[in-house]
Amino acid sequence: MSEPRDFLNTGGLDADKLELFEYLLEEEGVDGAAQPDIILPREKREQLPLSFAQQRLWFLDQLEPGNVAYNVAGALRIVGQLDVAALGRSLNEIVRRHESLRTSFAVIDGLPAQVIAQSCHLALSVEELTTKPIEEREAQVKLLMQEEVLTPFDFRESPLMRARLLRLSEEEHVLLLTMHHIISDGWSIGVLIRELAALYEAYTRGKASPLEELAVQYADYSLWQREHLSGELLEQQLSYWRQQLSGDLPVLDLPMQSARPSVQTFRAATQTLILPEKLHEELKELSLKEDATLYMTLLAAFYVLLYRY
């Protein structure tokens, strides 16, 4: 995978995640707060609300249609003999299993709503790069990856997902998968890879899917979230942020090599920093001591850096 980007948008909770979720619900809430209800499969409803996370992304798309900043793209290099039919079947079984991958978005009675298709076919296009000189194939792969990232989605059409298979040779392929962040999240790459591997192995051996049906879907979570975070509880949350964001907000004016453009472009780069193993272990020990995750510790260090600037 080109980057550890995530797919599938918790379209259903797998067994490990469901077990963790149930464990957390057994723990007492902060300051003795009441525990939220368990997420249950929804009864049939004509109109399904967006989750708060989906609504943010839907709003941004209304504000700037065709913006590709929230396209989630990844590339999987496959070495060895490949059964293209089994791969396509595996991808479509994942689409069938996860309602989020069959979801489009519409405005109904003035409000955004999820529209879940009963069935949805994901086309797996196969593109031959074998006719190009060997030294040009990798460059072509990068160009096609960039093309995928820069191709927008139409929220009114499902699936908000694309799959392209690039054939470099008889035993080397690159699978490009692109989805919009409104149907994907930071957990899902593991779900996608595990399910794709399990399904492909079964189908190439002439077996049925080994995966159990999902207990709940993302739309079930959306309903639970809207029902739980409403009324007085929602007003408390909104009041807090109205107060925090009131008045003149501070502007972080970092030193820059060039002037900030008047119109946001979303063009950026990544900076990789590899920490020494000893420092890595010390950071993990510090995190454990402070009852924090490594992520929380590193984020705190980044905040200190910004504060100094």
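Author: Contact here means heavy atoms within 4.5 Å. The model is predicted.

Reader: Leaving aside neighbours within four places in sequence, which residues is Leu91 in contact with?

Author: Leu91 ranks among the residues with the most contacts inside the largest nonpolar core. Set aside its neighbours within four places in sequence. The contacts of Leu91 are then Leu122, Leu124, Ala163, Leu177 and Leu196.

Reader: Which element supplies the largest share of the largest nonpolar core?

Author: That core has 30 residues. α2, α3, β6, β7 and α5 each supply at least two of them. The largest share is 5 residues, and the element supplying it is α3.

Reader: Which residues does the second, separate core include?

Author: This core has 8 residues and is separate from the first. Among its members are Val141, Leu144, Leu166 and Leu168.

Reader: What is the handedness of the crossover from β5 to β6?

Author: Strands β5 (residues 124-128) and β6 (residues 161-169) run parallel, joined by 5 bridges. One of the pairings sets Glu127 against Leu166 in β6. Between the strands the chain passes through helix α4 (residues 134-149), and this β-α-β crossover is right-handed.

Reader: Is His173 buried or exposed?

Author: His173 is found in strand β7. The cut-off for buried is under 20% relative accessible area. His173 has 1% relative accessibility, so it counts as buried.

Reader: Which side chain makes a polar contact with the side chain of His173?

Author: Leaving aside neighbours within four places in sequence, the contacts of His173 include Leu76, Ile78, Leu165 and Arg167. The polar contact, at 3.3 Å, joins the side chain of His173 to that of Arg167.

How values were computed: Residues are numbered from 1 along each chain as its sequence is written. This is a predicted model: local features need pLDDT of at least 70, side-chain atom pairs count only at pLDDT 80 or more; totals for chains, interfaces and linings use all residues. Side-chain values use heavy atoms; hydrogens and water are left out. Two strands pair if DSSP finds at least two bridges between them. Helices (H or I, at least four residues) and strands (E, at least two) are DSSP runs, numbered from the N terminus. A crossover is right-handed if, with the strands pointing away from the viewer, the path from the first strand over the helix to the second runs clockwise. A nonpolar core is a set of buried Ala, Val, Leu, Ile, Met, Phe, Trp, Tyr and Cys residues joined through side-chain atoms within 4.5 Å. Buried means under 20% relative accessible area, exposed over 50%, partly exposed in between (1.4 Å probe, protein chains only). A polar contact is a pair of N or O atoms within 3.5 Å; within protein, one must be able to donate a hydrogen and the other to accept it, and residues adjacent in sequence count only if both atoms are side-chain atoms.
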